[in-house]
Amino acid sequence: MLFRSRRRALVRALDRELGGLVEVVGDHAGMHLVATLHADDREIALRAVARGLSVIPLSSCYAGRARRRGLLLGYGAMRAGEIGERVRELADAIRGKPAHA
């Protein structure tokens, strides 16, 4: 139940902040989901790290040529109340806005 509410909050925040830029995949169970994108996921992951976020570029999970690009997002250790702010930071990273110093 706890992870379900976190997952729901994450999916809603992704839709609100990034609707149209990402497609959420695998959002029905577990403690991770994938947000696919049509951009360089490795570059976005680096920009996310500069903001203190930990994401895994989906393209790095393929043994061969990546068929999809996106970000593997974990929410198991995150409090539901901080998800919205973290997704706003992620949205800024995806859009290429500079990180705050």
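These legends accompany several close-up views of a predicted protein model.

**View 1. How confident is the predictor in this model?**
Let us begin with the confidence scores. The mean pLDDT of the protein is 89, and 95% of the residues reach at least 70. Which element has the highest mean pLDDT? Among the elements of the protein, that is strand β3 (residues 56-57), with a mean of 96. Helix α1 has the lowest mean, at 89.

**View 2. The largest nonpolar core brings together 23 residues.**
Here you can look into the inside of the protein. Leu10, Leu14, Leu71, Leu73, Leu90 and Ile94 are the core residues that touch the most other members. Two or more residues each come from α1 (2-18), β2 (32-37), α2 (41-49), β4 (69-74) and α3 (80-95). Which element gives the largest share? That is α3, with 6 residues.

**View 3. Leu14 and the residues around it.**
This view stays with one of the core residues that touch the most other members, Leu14. Leaving out residues up to four places away in sequence, Leu14 touches Gly19, Val24, Leu33, Leu73, Val87 and Leu90. Two of these partners, Leu73 and Leu90, are also named with Leu14 among the core residues that touch the most other members.

**View 4. The largest pocket encloses about 300 Å³ of space.**
Its lining is made of 18 residues. Ser54, Val55, Leu73, Gly74 and Met78 are the lining residues that lie nearest the centre of the pocket. The elements giving two or more residues to this lining are β4 and α3, and α3 supplies the largest share, 5 residues. What kinds of residue make up the lining of the largest pocket? There are 12 nonpolar, 4 polar and 2 charged residues. Leu73, already met in the core, appears here again as a lining residue.

**View 5. The second largest pocket has a volume of about 160 Å³.**
Around this pocket you will find Gly20, Leu21, Val22, Glu23, Thr36, Leu37, His38, Arg68 and Arg69. By class, the lining of the second largest pocket divides into 3 nonpolar, 3 polar and 3 charged residues.

**View 6. Thr36, a lining residue of the second largest pocket.**
Thr36 belongs to strand β2. Is Thr36 buried or exposed? Thr36 counts as buried because its relative accessibility is 10%, and buried means under 20%. Beyond residues up to four places away in sequence, Thr36 touches Leu21, Val22, Glu23, Val25, Leu58, Arg68, Arg69 and Gly70. Among these, Leu21, Val22, Glu23, Arg68 and Arg69 also line the second largest pocket.

**View 7. Ala35 in strand β2.**
With a relative accessibility of 3%, Ala35 counts as buried. Not counting neighbours within four places in sequence, Ala35 is in contact with Val22, Glu23, Val24, Gly70, Leu71 and Leu73. You can also look for Pro57, which is 22 residues from Ala35 in sequence; their C-alpha atoms are 9.8 Å apart.

**View 8. His32, also found in strand β2.**
His32 is partly exposed, at 43% relative accessibility. Setting aside neighbours within four places in sequence, its contacts are Gly26, Leu72, Leu73, Gly74 and Tyr75. How many residues apart in sequence are His32 and Leu72? They are 40 residues apart, while the distance from C-alpha to C-alpha is 6.7 Å.

**View 9. Gly52 in the loop between α2 and β3.**
Why does Gly52 count as exposed? Its relative accessible area is 56%, and exposed means over 50%. Gly52 and Leu90 are 38 residues apart along the chain, and 9.8 Å separates their C-alpha atoms.

**View 10. Ser60 in the loop between β3 and β4.**
To finish, here is a residue from another loop. Ser60 has a relative accessible area of 37% and is partly exposed. What distance separates the C-alpha atoms of Ser60 and Arg42? The distance is 7.9 Å, for two residues that are 18 apart along the chain.

Definitions and conventions:
Residues are numbered from 1 along each chain as its sequence is written. This is a predicted model: local features need pLDDT of at least 70, side-chain atom pairs count only at pLDDT 80 or more; totals for chains, interfaces and linings use all residues. Side-chain values use heavy atoms; hydrogens and water are left out. A nonpolar core is a set of buried Ala, Val, Leu, Ile, Met, Phe, Trp, Tyr and Cys residues joined through side-chain atoms within 4.5 Å. Buried means under 20% relative accessible area, exposed over 50%, partly exposed in between (1.4 Å probe, protein chains only). Helices (H or I, at least four residues) and strands (E, at least two) are DSSP runs, numbered from the N terminus. Contact means heavy atoms within 4.5 Å. pLDDT is the predictor's confidence in each residue, from 0 to 100. On a 1 Å grid over the protein atoms alone, a cavity is a set of points where a 1.4 Å probe fits but cannot get out, and a pocket is an open set with protein on both sides within 12 Å along at least five of seven lines; lining residues have an atom within 4 Å of a point. Grid points are joined across faces, edges and corners, and a volume is the space filled by probe spheres set on the points. Ala, Val, Leu, Ile, Met, Phe, Trp, Tyr, Cys and Pro count as nonpolar, Asp, Glu, Lys and Arg as charged, and the others, Gly among them, as polar.
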